[in-house]
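Hi everyone, thanks for making time this morning. Let me put the structure up on the screen, and then we can walk through a few of its features together.

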Amino acid sequence: MKKRMLAVMFMLSAAAVSTGCFAGNVKAAGQEGIANIEEIAGAEAADTADSENWEWAVLENGTVSVTQYKGEAAQVQIPSALDGKAVTSIGNRAFYRNTAVTSVIIPDGVTAIGNYAFSGCSGLNDIKIPDSVADIGEGAFSFCESLAGIMLPDHAASIGDEAFIHSGLKEIRLPAGLVQLGKQVFRECRSLAAVETAPDNTAYASENGVLFNKAKTELIQYPMRREGTSYEVPAGVQDITE
């Protein structure tokens, strides 16, 4: 009888311990699940909040072009994807006359910056353009008075008309891959002291900060702030771009 009572008591004790461990495990698992749900919800909320700052259009190839930034931040990092689709271009006038923005990071994978995309961004003083960008549109950085410098990617192939007109550029280096430079790209850049080109560029050349075509038969740009009070046009120049 005594042995039977001891056995019953042992079974009850073991059941209590087992139940307690099970409850503890359920509680721990429940807390972890809640934490994960909160993290996911927080991430989704952040994504939603970020996407609310943008308007975009889906292109024929299934990627996205950013058409407007609606936020008020001074420092802006353009997302690499919106609605699960890769961002491959900055659309026309996407940041047009946004005077609040001071710096912009464009994500890798963007291949084109549209016409007047950053035109009138008077406070913009820093922009990072990835190597993937090949085309910079007409007036893209026009009237960016605070933009003193910009690093163009090596693979940039074309720059549109008046892309930097009335900008604050002090100097600029045209990359090796550039083959198409629009009209009056640097007009009224009153701080511009030099335009340089990559030595292996096949379309353009520079000499003492002055820009020519590769054959040096056309003078394309004489910087407004270039040092010196006189300039002798090199022999062989047949045309001076207006």
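Let me start with a word I'll use a lot: a residue is buried when its relative accessible area is under 20%, exposed when that area is over 50%, and partly exposed in between, with a 1.4 Å probe and protein chains only. Those areas come from the Shrake-Rupley method with a 1.4 Å probe, and for residues only the protein chains shown count as cover.

Some housekeeping too. This is a predicted model, where local features need pLDDT of at least 70 and side-chain atom pairs count only at pLDDT 80 or more, while totals for chains, interfaces and linings use all residues. Residues are numbered from 1 along each chain as its sequence is written, and side-chain values use heavy atoms, with hydrogens and water left out.

So, to our example: is Asp-131 buried or exposed? Asp-131 is exposed, because its relative accessible area is 53%. You'll find Asp-131 in the loop between β8 (126–128) and β9 (135–136); strands here are DSSP runs of E, at least two residues, and helices are runs of H or I, at least four, numbered from the N terminus.

Asp-131 also has company: together with Asp-108, Asp-154 and Asp-200, Asp-131 makes up a patch of negative charge on the surface. A patch takes residues with over 30% relative accessible area and no salt bridge, joining like charges within 9 Å and nonpolar side chains (Val, Leu, Ile, Met, Phe, Trp, Tyr) within 5 Å. Lys and Arg count as positive, Asp and Glu as negative, and His and the chain ends are not counted. The charge is placed at NZ of Lys, CZ of Arg, CG of Asp or CD of Glu.

Now to the inside. Which residues touch the most other members of the largest nonpolar core? They are Phe-118, Phe-141 and Phe-164, in a core of 47 residues. Elements giving two or more residues to this core are β2 (64–69), β5 (85–90) and β11 (171–174), and β2 supplies the largest share, three residues. A nonpolar core, by the way, is a set of buried Ala, Val, Leu, Ile, Met, Phe, Trp, Tyr and Cys residues joined through side-chain atoms within 4.5 Å.

Next, salt bridges, meaning a side-chain nitrogen of Lys or Arg within 4 Å of a carboxyl oxygen of Asp or Glu. By that rule there are six. One of them pairs Lys-70 with Glu-55, with the closest N and O atoms 3.9 Å apart. Lys-70 sits in the loop between β2 and β3 (75–77) and Glu-55 in strand β1 (residues 54–58), so this pair ties together parts that are 15 residues apart in sequence. Lys-70 is partly exposed at 41%, and Glu-55 is partly exposed at 33%. Another joins Lys-128 and Asp-126, at 3.0 Å from N to O. Glu-207 and Lys-216 form one as well, at 2.9 Å.

Last, some backbone details. Where is Pro-175? Pro-175 lies in the loop between β11 and β12 (180–181), and counts as buried because its relative accessible area is 0%. Its C-alpha atom is 5.3 Å from that of Ala-198, 23 residues away along the chain.

Finally, Arg-93 has a positive phi, near 60 degrees, without being a glycine; Arg-93 belongs to the loop between β5 and β6 (103–105). Glu-162 is not a glycine either, and has a positive phi of about 55 degrees, in the loop between β10 (158–159) and β11.
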